[in-house]
Amino acid sequence: MVKPLKDIVIIGAGNVATHIANTLKNNAKIIQVYSRHLNNAHQLAQQISSECQYTDNVNDLCVADLYLISIKDDAISEFLKTIPEQLRDSYWAHTSGSVPRDVFNGFNNKNGVIYPLQTFSKEVKVNVEEVAIFVEGNNTDVENQLIRYATLISKSVYKADSQLRQQLHVAAVFANNFSNYMYIIANDILKRNNLPFSVLSPLIKETTRKATSIPPLEAQTGPAVRGDLNVMNKHLSLLNTEESNIYDIVSQSILKRFKK
């Protein structure tokens with residue numbers, strides 16, 4: 001029988017840690033927050049409960065059933081080296097999409113990943129219960145335990161090994177990071193013409209609605225889909241060098257996909 005998780009320590013106080021902790025606090029007992037910056041740990045601990053402790057010293061970490069690491073990807077490996085031996089008997093998991101589970105190799109035998117597929121900003125509220133979470137454990141028992149934990153955060157929990165999680169992460173970069181960069185370029189063009197970005201809001205909302213209600217391939221529109229080279233060439237003449245290079249690369253990819 002799988003033992004239920006009890007006391008949890010949150011490692012990190014950034015965007016992901018903040019959203020997960022504020023969702024998890026309703027269903028589990030978070031006893032401590034750790035951050036390299038004591039003030040950040042204090043702020044998040046206050047959001048969780050008046051009883052939640054905080055620290056910036058790994059030697060002051062409380063004994064807990066689960067330690068959830070939500071710090072920068074390239075800091076995880078070095079951070080694990082600093083953890084006292086007496087704390088390594090517990091469950092440990094990180095929340096990264098791109099860091100493989102084997103970052104825990106040689107650390108302990110109860111570890112894994114709980115990866116929320118979402119973009120987080122502290123100032124923007126997110127319904128984490130609707131966010132897809134992907135779980136991996138170093139063995140079946142650990143994985144089952146981490147799944148139980150993940151279901152305290154979200155209604156959508158899936159198993160995903162490190163290879164699949166990296167594929168998910170790169171897909172998310174295309175869907176979120178790259179699309180947002182396109183908004184930045186669009187905003188630059190509008191600013192040059194003394195127009196506010198808000199004029200695109202209805203278009204962006206409709207684009208998102210279609211992409212999440214019908215297959216994106218069916219939702220694609222625009223001159224490249226139509227093979228309208230005259231319009232595309234006019235657009236290129238209006239852009240600076242960097243913008244025109246991006247426009248051309250994306251347009252050529254669309255032309256190829258739709259065989260125009």
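Is cysteine 52 buried or exposed, going by its relative accessibility? At 7% relative accessibility, cysteine 52 counts as buried. The model is predicted. Its sheet is open and has 8 strands. Helices α2 and α5 both meet strands of the sheet, and α5 also packs with helix α10.

**Sheet**

- The strand order is β3-β2-β1-β4-β5-β6-β7-β8, and the pairing is mixed.
- β3 (53-55) and β8 (157-159) are the edge strands. Each of them pairs on one side only.
- From one strand to the next, the twist averages 25 degrees.
- In general, strands of a sheet pair through backbone hydrogen bonds, either parallel or antiparallel.
- β1 (residues 7-11) and β4 (residues 66-69) pair in the parallel sense. Their pairing runs over 4 bridges.
- Isoleucine 10 stands opposite leucine 68 in β4.

**Helices on the sheet**

- Helix α2 spans residues 38-48. It lies across β1, β2 (29-34) and β3.
- The direction of α2 is at about 165 degrees to β3.
- Helix α5 (residues 162-192) packs on the sheet. The strands it touches are β5 (91-94), β6 (111-116), β7 (133-137) and β8.
- The directions of α5 and β6 make about 20 degrees.

**Helix pair α5 and α10**

- Two packed helices are described by the angle between their axes and the distance between the axes.
- For α5 and α10 (residues 241-257), the angle is about 130 degrees and the axes are 12 Å apart.
- That angle makes α5 oblique to α10.
- The crossing of α5 past α10 is left-handed.
- On the α5 side, the contact is made by Tyr181, Met182, Ile185, Asp188, Ile189 and Arg192.
- On the α10 side, Glu242, Glu243, Ile246 and Val250 make the contact.

**Cysteines**

- How many disulfides does the structure hold? The count is 0.
- The closest cysteine sulfur to that of cysteine 52 is in cysteine 62, 8.5 Å away. A disulfide needs the two sulfur atoms within 2.5 Å, so this pair is too far for a bond.
- Seen from cysteine 62, the closest cysteine sulfur is in cysteine 52, again at 8.5 Å and too far for a bond.
- Cysteine 62 has 15% relative accessibility. Buried means under 20%, so cysteine 62 counts as buried.
- Cysteine 52, at 7%, also counts as buried because of that cut-off.

Key: Residues are numbered from 1 along each chain as its sequence is written. This is a predicted model: local features need pLDDT of at least 70, side-chain atom pairs count only at pLDDT 80 or more; totals for chains, interfaces and linings use all residues. Side-chain values use heavy atoms; hydrogens and water are left out. Two strands pair if DSSP finds at least two bridges between them. Helices (H or I, at least four residues) and strands (E, at least two) are DSSP runs, numbered from the N terminus. Axes are lines fitted to C-alpha atoms, for helices over the stretch in contact, and angles run from 0 to 180 degrees between N-to-C directions. Contact means heavy atoms within 4.5 Å. Buried means under 20% relative accessible area, exposed over 50%, partly exposed in between (1.4 Å probe, protein chains only). Angles under 35 degrees count as roughly parallel, over 145 as roughly antiparallel, 65 to 115 as roughly perpendicular and the rest as oblique. A crossing is left-handed if the near helix is turned anticlockwise from the far one by less than a right angle, and right-handed if clockwise.
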